[in-house]
Amino acid sequence: GPSTAPNPTTKPPTKPTTTLSTPTPPWKPNYHECGGKEYDPTTYICYKDRTYFKDKYDICGSFLIVTTKEKCCNGRIKKIRKRKTECCGKSLINPKRINCIDGKPVKKTGTSMLRVGKDVTSSSNKG
């Protein structure tokens, strides 16, 4: 379309001399930059100037970990094994077999290690 230039004879309204910076969009309350590019910190994490999806990656200490394969336990990277899925202090435990008491793995009582194939649901009397 044709650009309508303002008439040079009409004076523009007087503006304050303070130059305002570019307003931040309402959906981005804080300006986050990753490698010179703006990114959404609610969806991504920034690691070494690159953005990674939060649902797949996490930062453990100063390392990038894949959350489907690894877990961050007290700043230590632990590889997730078949049943060891929960952090307990700095170690990874199997929550079905081990209780985490004060950040220390404690074997659950009453669970026999011999019966591996069968899932025996034992109701504990502890309240």
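1. Burial in this predicted model is limited to a stated share: of the protein's 127 residues, 11% count as buried. The protein exposes about 11400 Å², and carbon and sulfur atoms supply 52% of that area.

2. The secondary structure consists of 12 strands and 0 helices. Read from the N terminus, the order of elements is β-β-β-β-β-β-β-β-β-β-β-β. As for contacts between residues at least 6 apart in sequence, 0% of them join residues at least 24 apart.

3. Strand β7 spans residues 70–73 and deserves particular attention. Glutamate 70 lies in this strand. The residue is buried but forms no salt bridge; lysine 79, which carries the nearest side chain of opposite charge, is 5.6 Å away. A salt bridge would require a side-chain nitrogen of Lys or Arg within 4 Å of a carboxyl oxygen of Asp or Glu. Beyond its neighbours up to four places away in sequence, glutamate 70 touches Ile65, Ile77, Lys78, Lys79 and Ile80.

4. Cysteine 72 also belongs to strand β7. Its relative accessible area is 28%, so cysteine 72 is classed as partly exposed. When neighbours within four places in sequence are set aside, cysteine 72 is in contact with Cys60, Ile65 and Cys87. With regard to Cys87, the two residues stand 15 residues apart along the chain, and 7.6 Å separates their C-alpha atoms.

5. A patch of positive charge on the surface is formed by Lys69, Lys79, Arg81 and Lys84. One of these residues, lysine 69, is located in the loop between β6 (63–66) and β7 (70–73). Lysine 69 counts as exposed because its relative accessibility is 58%. Lysine 79, another member of the patch, is the residue already mentioned as having the nearest side chain of opposite charge to glutamate 70.

6. Two loop residues merit a check of their backbone angles. Most residues other than glycine have a negative phi. Lysine 48, however, has a positive phi of about 50° although it is not a glycine. The position of lysine 48 is in the loop between β3 (44–47) and β4 (50–53), and its relative accessible area of 67% makes the residue exposed.

7. Asparagine 74 is the second such residue to note: its phi is positive, near 50°, and the residue is not a glycine. Asparagine 74 sits in the loop between β7 and β8 (76–79). With a relative accessible area of 57%, asparagine 74 is exposed.

Note on methods. Residues numbered from 1 in each chain as written. Predicted model: local features only at pLDDT ≥ 70, side-chain atom pairs only at ≥ 80, totals over all residues. Heavy atoms only, no water. Patch = residues over 30% accessible without salt bridge, like charges linked within 9 Å, V, L, I, M, F, W, Y side chains within 5 Å. Areas by Shrake-Rupley, 256 points an atom, 1.4 Å probe, with all protein chains shown as cover. Lys, Arg positive; Asp, Glu negative; His and termini not counted. Charge placed at Lys NZ, Arg CZ, Asp CG, Glu CD. Helix = DSSP H or I, 4+ residues; strand = E, 2+ residues; numbered from the N terminus. Buried < 20%, exposed > 50% of the residue type's maximum accessible area, 1.4 Å probe, protein only. Contact = heavy atoms within 4.5 Å.
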